[in-house]
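Here's a quick briefing on the protein in front of you. Take a look at the model first, then work through the points below.

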Amino acid sequence: MAMIPVSVSVAYLIGSVINWRALALIGAIPCLLLLFGLFFIPESPRWLAKIGREREFEAALQRLRGKNVNISEEAADIKDYTENIQKIPEDKILDLFQQKYSHLLIVGIGLMVLQQCGELNGYAYYMNEIFELAGVPSITGFIVVSIPQIPAIALGSILIEKFGRRTLLMVRSQKITQSLEHS
């Protein structure tokens, strides 16, 4: 998740020195590599077990683990898991809107909205106009914003690993709530 803002910052930096057509072509390169790589991805052994293609399931699992690896125990575990999963009734999207889930749904959606309001998204879309109104060339502004953002995101990722997502999310939601109360 932290790589999204880093890639946006890198795109701002590269976009400051090249035109948008070249930037679009550069952005298409990873997509084309992934598209080419799709032809070499084997079928998922779990999916093959789920649809009942036993021979192909074992061949795919053997291919993923290596020729000399004993896959019998893992294959049995996957078959047991698949059988147990198929016994569970499937939920429908409307089941999410039951009374017992309403509190969780409100909290989850509320936190997503508050995070979007408190992050870079609010000004990133209008950054060009903001810098022009402030009398700063937009290219300079993009560079000034993008360069510190990359180490800040790296530090944020380290903090998330150290303190845990829940703790940081609770602190952040409290700060956002306080700032909304004061405005």
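A compact globule of 183 residues would come out with a radius of gyration near 16 Å, yet this protein chain has 24 Å. Keep in mind that this is a predicted model. Its secondary structure comes to 10 helices and zero strands.

**Overall build**

- Read the chain from the N terminus on and you get α-α-α-α-α-α-α-α-α-α.
- Picture a box of roughly 70 × 50 × 35 Å, laid along the principal axes: that's what the C-alpha atoms of the protein chain fill.
- How much of the chain is buried? Buried residues make up 14% of the 183 residues.
- The protein chain exposes about 14,700 Å², and 66% of that comes from carbon and sulfur atoms.
- Now take the contacts between residues at least 6 apart in sequence: 43% of them join residues at least 24 apart.

**Charges**

- The protein chain carries 17 positive and 17 negative charges, and the mean positions of these two sets are 2 Å apart.
- How many salt bridges are there? The count comes to four.

**Salt bridges, pair by pair**

- Arg53 forms a salt bridge with Glu56, and their closest N and O atoms are 2.4 Å apart.
- Both partners get a label from their accessibility, where anything between the 20% and 50% cut-offs is called partly exposed. Arg53 has a relative accessible area of 34%, so it's partly exposed, and Glu56 gets the label too, because its value is 37%.
- The side chains of Glu58 and Lys79 also meet in a salt bridge, at 3.3 Å from N to O.
- What does that pair tie together? Glu58 lies in helix α4 (residues 54-65) and Lys79 in helix α5, so the salt bridge links parts that are 21 residues apart in sequence.
- Glu58 is partly exposed, with a relative accessible area of 35%, and Lys79 counts as partly exposed at 26%.
- Glu58 and Lys79 have company: together with Glu54, they're linked in a network of salt bridges.
- Arg65 and Glu74 make another pair, with their side chains meeting in a salt bridge at 2.7 Å, N to O.
- Arg65 counts as partly exposed at 42% relative accessibility, and Glu74 counts as partly exposed at 27%.

**A buried spot in helix α5**

- Find Thr82 in helix α5, which covers residues 72-87.
- Is Thr82 buried or exposed? Thr82 is buried, because its relative accessible area is 9% and the cut-off for buried is under 20%.
- Which residues does Thr82 touch? Leaving out residues up to four places away in sequence, Thr82 touches Arg46, Ala49 and Lys50.

**The loop before helix α9**

- Gly135 sits in the loop between α8 (127-133) and α9 (138-163).
- Gly135 is exposed, because its relative accessible area of 65% is over the 50% cut-off.
- Where is Gly135 relative to Thr167? The two are 32 residues apart in sequence, and their C-alpha atoms are 40 Å apart in space.

**Along helix α9**

- Phe163 lies in helix α9.
- Phe163 counts as partly exposed, at 45% relative accessibility.
- Try finding Phe163 and Pro137 in the model: they're 26 residues apart along the chain, and 39 Å separates their C-alpha atoms.

Methods. Residues are numbered from 1 along each chain as its sequence is written. This is a predicted model: local features need pLDDT of at least 70, side-chain atom pairs count only at pLDDT 80 or more; totals for chains, interfaces and linings use all residues. Side-chain values use heavy atoms; hydrogens and water are left out. Helices (H or I, at least four residues) and strands (E, at least two) are DSSP runs, numbered from the N terminus. The radius of gyration is taken over C-alpha atoms; the globule rule is 2.2 Å times the number of residues to the power 0.38. Buried means under 20% relative accessible area, exposed over 50%, partly exposed in between (1.4 Å probe, protein chains only). Contact means heavy atoms within 4.5 Å. Accessible areas come from the Shrake-Rupley method with a 1.4 Å probe; for residues, only the protein chains shown count as cover. Lys and Arg count as positive and Asp and Glu as negative; His and the chain ends are not counted. The place of a charge is taken as NZ of Lys, CZ of Arg, CG of Asp or CD of Glu.
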